[in-house]
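Please open the structure in your viewer and keep the selection tool at hand, since each stop on this tour begins with something to pick out.

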Amino acid sequence: MRDQAPPLVDALARVDSLIALAKDTLQKKDRVQATVLASRAHQIRAVSEELRPPVPSSRLGDLEERWREYRDDYQMLLDKLQELTNVSSQVDAALKGEEPKTVFAERFAEQEGELQRQLSRYTTLIDAKLAEVRALWHKNALDDASLLKSRAGYLLDGEINTANLLAYLNIVEANRAELAEGFTDRYRSFLNTLEQLLEGIDLEGAYAITEDDRAELEEQLKDIRSIAQVGITVEIIGHEFETLETEVRRNLNKLTADVQASEPFKRAMRAHLALADRIRFLAPMKIGGYRAREQITGRQLADYVEDFFGQTFADQRIEFVATAEFRKIIIRDIPSRIYPVFINLVNNAIYWCSQVADRKITIDFRDGLVVIADSGPGVDPEDVPRLFEIFFSRRRSGRGVGLYLSKTNLSVAGHKIRYAMTGDPHVLSGANFIIEFKGVE
C-alpha cells in the first residue's frame, strides 16, 4: 500500500489541479465546471487554515530546518491560493455576463460566507473546549470543597469539651487558612487568564516570547564571564605583542644589507608585516588608551580587502567589485576600528557565496550609505532580528562574534550597521549590509 502524502504536500497538489481546472473553465466557459470549481476552492481554503504553522520556539534544535521548510511551503500554498482566487474571479466575470457591480456583490457575498463558515467552525470548537473547562473546574471545586473535612473532619467524632475546644478550633482554622491560600492562588490565576483572554491578549504568543527570552538570557549569562575574560586576555596579549613586534622588526633591520636584499629575507619580512597587520585587528577590543583618528578613504579600504582576500577570490572564483562611488568616500576614524568591519563582512560574504554558482561581492556607496552585498542565499527573515546578537551564527564553524563586535565598535564612534531593510538600497540578490558612517564625505 502506498504511503499517503503529508497534508501540506497534498494541499499544494490539490491547489495546482484547481488552478488548472480554473484555466480550463475560463477557456471553455463551462458553467457546470465553474460550480465544481467554486465548491472545491471553498474546501481547500478551509484546509489551508488548519495547516497554518504555529509560532516557533527559538530552541527548535534539529527541527529548525524542517520547520523553515514547512513555513516556506505554506507560504507557497498561500501564493497559489491567491492565484486560484484571481483566476476564479476571471471565470466569474466571463461566465455570468452581468453588470460588474452585480458580479462584485455576488463575489463579496461568497467571500463573506466563507469567512462565516470558518468562524462557525472555530466557534463550535471553542464552545466545546469551554464546556470541557467548565466541567473540569466544577469538578475541581467539588473536590476542593471536601478537603477541610478530609483533613480535620475526624475532630467531629472526638469528645469535645471546654478544655480542648480552643485547640480543636485552632486546628480547623489553621487548615482553613492553608486551604484558602491555595484556593486563592489557583482560582485567581485562572480568573486572570480568563480576563486576559477577554482583553484579547495572545497568551500563546506571549508565553512563547517569554520562554524564548528566558532561555536566551540563561545562555548569555553562561557566556558573560567568558567574554569578560576574553577582553582581559586581549588587553594583555595586545600589550605584549606590541613590545615583541617592535623588538623583532628592530633586530631584522639590523641585519646586513646583503641579507636584507635576499629573497628569503624579503619573504620573511612580508610575512611578519602581514601577521602584525592581522593581529592589530584586535586593537578595537582593547580596554583603554587614546588612539588618534585618521583619514580613511574608500579606495584604501577596497585595496586592502582586495589584497587581504585576493588569493581567496581567485581560488573560489568570486568576482569582487568596489564601485567608483565607494572608492571616493572619506571617513575619519581609527583604522583598527573600521578595517576589521569590512574584513568580517567580506569574509562572511565569501562563505555564503561559495554555496551558489554566480559568485559576486560588491561594495557600493548609495544615498549616503555604504552597502556590502553578496550574491549568496541571503539571510532568512527569521534570523534578521538576531544577526548582531553575540554567539548567533548560521555558519557551521561560526562563533557568532564578528557582527556583534562590528556593531559594538562602530557604535562607539556614532556609526551604525544593519541588515538592509525595505527602504534601503539593495545591490545584489543575497545579503546586503548597510553601514551609516557618521560624517562621511
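Select Glu306 to begin: in this predicted model the residue counts as partly exposed, with a relative accessibility of 32%. Now add Arg327 to the selection, and you will find that the two residues form a salt bridge, in which the closest N and O atoms are 3.3 Å apart. Glu306 belongs to helix α10 (residues 298-315) and Arg327 to helix α11 (residues 324-327), so this pair ties together parts of the chain that are 21 residues apart in sequence. Unlike a residue that counts as partly exposed, Arg327 is buried, because its relative accessible area is 18% and the limit for buried is under 20%. If you also select Asp303, you have a network in view, since salt bridges that share partners join Asp303, Glu306 and Arg327.

For the next stop, turn to the sheet and colour its strands. In what order do its five strands lie? The sheet is open, its order is β2-β4-β5-β7-β6, and the pairing is mixed. Select β2 (319-322) and β6 (416-419) to see the edges: each of these strands has a single partner strand, so one side of each is left without a neighbour in the sheet. Neighbouring strands here are turned against each other by 15 degrees on average, with direction ignored.

Next, show helix α12 (residues 335-353), which packs on the sheet and touches β4 (360-366), β5 (369-374), β6 and β7. If you compare the directions of α12 and β4, they make an angle of about 140 degrees.

Stay with the edge strand β6 and add β7 (residues 432-436), to which β6 is joined by four bridges, the two strands running antiparallel. Within this pairing, select Tyr419 and then look across to Phe433 in β7, which is its bridge partner.

Which residue of β7 forms a salt bridge with Arg418? Select Glu436, whose closest O atom and the N atom of Arg418 are 2.3 Å apart. This pair links distant parts of the chain, with Arg418 in strand β6 and Glu436 in strand β7, 18 residues apart. Glu436 counts as partly exposed, at a relative accessibility of 28%. Keep Arg418 selected and add Asp424, because the side chains of these two residues also meet in a salt bridge, at 2.8 Å from N to O. Both Asp424 and Arg418 are buried.

Move on to helix α13 (residues 402-412) and display its side chains. Which residues of this helix are buried? They are Leu403, Ser406, Asn409 and Leu410. If you look down the axis of α13, these buried residues fall within an arc of 135 degrees, so they line one face of the helix. Add α12, β6 and β7 to the view, and you will see what the buried residues of α13 pack against. Just after α13, select Gly414, which takes a positive phi of about 85 degrees.

The last local stop is Arg71, which lies in helix α3 (residues 64-96). Is Arg71 buried or exposed? Arg71 is buried, with a relative accessible area of 15%. Leaving aside its neighbours within four places in sequence, Arg71 is in contact with Asp380 and Glu382. You can also select Arg52, which stands 19 residues from Arg71 along the chain, with 8.4 Å separating the C-alpha atoms of the two.

Finally, clear the selection and show the whole protein chain, whose secondary structure comes to 13 helices and seven strands. Of its 441 residues, 32% count as buried, and a search of the whole structure finds 12 salt bridges. Among contacts between residues at least 6 apart in sequence, 70% join residues at least 24 apart. Switching to a surface display brings up an accessible surface that comes to about 28500 Å², of which 57% belongs to carbon and sulfur atoms.

How values were computed: Residues numbered from 1 in each chain as written. Predicted model: local features only at pLDDT ≥ 70, side-chain atom pairs only at ≥ 80, totals over all residues. Heavy atoms only, no water. Pairing = 2+ DSSP bridges. Axes fitted to C-alpha atoms, helices over the stretch in contact; angles between N-to-C directions. Contact = heavy atoms within 4.5 Å. Buried < 20%, exposed > 50% of the residue type's maximum accessible area, 1.4 Å probe, protein only. Arc of directions from axis to C-beta. Salt bridge = Lys/Arg side-chain N within 4 Å of Asp/Glu carboxyl O. Areas by Shrake-Rupley, 256 points an atom, 1.4 Å probe, with all protein chains shown as cover.
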